[in-house]
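Me: Can you walk me through this structure with me asking and you answering? Here it is.

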Amino acid sequence: MTQAAHISADPLDVFRERCEAQAYLVEAGAIAFLDAVDNLQCDADFDGLVARVGQDKIQAILAAAFGGTR
């Protein structure tokens with residue numbers, strides 16, 4: 001029996017990827033912009049990212065991901 005390798009990702013990198021995925025869904029019309037951004041903001045707060053890096057950094061990540069969406 002082999003032991004699975006433990007792979008951990010930086011939660012901030014995961015958040016960035018989630019933001020980009022949600023922005024794609026907004027652009028495709030699958031979800032509303034405000035729903036996506038509100039949910040991501042709540043998740044960032046719940047996961048401790050806001051406390052870890054600050055609200056300005058979270059807003060910058062959201063802005064970068066959603067900057068091109070309509």
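Me: Which residues of α4 are buried?
Reply: This is a predicted model, and buried here means under 20% relative accessible area. In α4, the residues that meet that cut-off are Ile-58, Ile-61, Leu-62, Ala-65 and Phe-66.

Me: How wide is the arc that they cover around the axis of α4?
Reply: An α-helix has 3.6 residues a turn, so residues three or four places apart point the same way. The buried residues of α4 sit on the same side of the helix. Their arc around the axis is only 115 degrees.

Me: Which exposed residues sit on the face of α4 turned away from its buried side?
Reply: The buried side is covered by elements including α1, α2 and α3. Turn to the face away from it and you find the exposed pair, Asp-56 and Ala-64.

Me: Which residues is Ile-58 in contact with, leaving aside its neighbours within four places in sequence?
Reply: Ile-58 is one of the buried residues of α4. With those sequence neighbours left out, its contacts are Leu-12, Phe-15, Gln-41, Ala-44, Leu-49, Val-50 and Val-53.

Me: Which members of the largest nonpolar core touch the most other members?
Reply: In soluble globular proteins, nonpolar side chains tend to be buried together. The largest nonpolar core here has 16 residues, with α1, α2, α3 and α4 each supplying at least two of them. Those that touch the most other members are Phe-15, Cys-19, Ile-58, Leu-62 and Phe-66.

Me: What distance should α1 span at 1.5 Å a residue?
Reply: α1 runs over 11–27, which is 17 residues. Its end C-alpha atoms are 24 Å apart, and that agrees with the expected span of 24 Å.

Me: Where do the buried residues of α1 lie around its axis, and how wide is their arc?
Reply: The buried residues of α1 are Leu-12, Phe-15, Cys-19, Ala-23 and Val-26. They lie on the same side of α1, while Glu-17 and Tyr-24 are exposed on the other side. The arc of the buried ones is only 75 degrees.

Me: How many disulfides does the count come to?
Reply: A disulfide needs two cysteine sulfur atoms within 2.5 Å. For Cys-19, the nearest cysteine sulfur is that of Cys-42, and it is 13 Å away. By that rule, the count is zero.

Me: Is Cys-42 buried or exposed?
Reply: Exposed means over 50% relative accessible area. Cys-19, at 0%, counts as buried. Cys-42 comes in at 52%, so it counts as exposed.

Me: How many residues apart in sequence are the parts that Arg-52 and Asp-10 tie together?
Reply: A search of the whole structure gives three salt bridges. In one of them the side chains of Arg-52 and Asp-10 meet at 3.0 Å, N to O. Arg-52 is in helix α3 and Asp-10 in the segment before α1, so the parts tied together are 42 residues apart.

Me: Which helices hold Asp-43 and Arg-18?
Reply: The side chains of Asp-43 and Arg-18 meet in a salt bridge, at 2.7 Å from N to O. That pair ties together parts that are 25 residues apart in sequence, because Asp-43 lies in helix α2 and Arg-18 in helix α1.

Me: Which helix holds both Arg-16 and Asp-13?
Reply: Their side chains meet in a salt bridge at 2.9 Å, N to O. The two residues are three apart, about one turn of the helix, and both lie in α1.

Technical notes
Residues are numbered from 1 along each chain as its sequence is written. This is a predicted model: local features need pLDDT of at least 70, side-chain atom pairs count only at pLDDT 80 or more; totals for chains, interfaces and linings use all residues. Side-chain values use heavy atoms; hydrogens and water are left out. Buried means under 20% relative accessible area, exposed over 50%, partly exposed in between (1.4 Å probe, protein chains only). A nonpolar core is a set of buried Ala, Val, Leu, Ile, Met, Phe, Trp, Tyr and Cys residues joined through side-chain atoms within 4.5 Å. Helices (H or I, at least four residues) and strands (E, at least two) are DSSP runs, numbered from the N terminus. Contact means heavy atoms within 4.5 Å. The expected span of a helix is 1.5 Å times one less than its number of residues. The arc is that of the directions from the helix axis to the C-beta atoms. A salt bridge is a side-chain nitrogen of Lys or Arg within 4 Å of a carboxyl oxygen of Asp or Glu.
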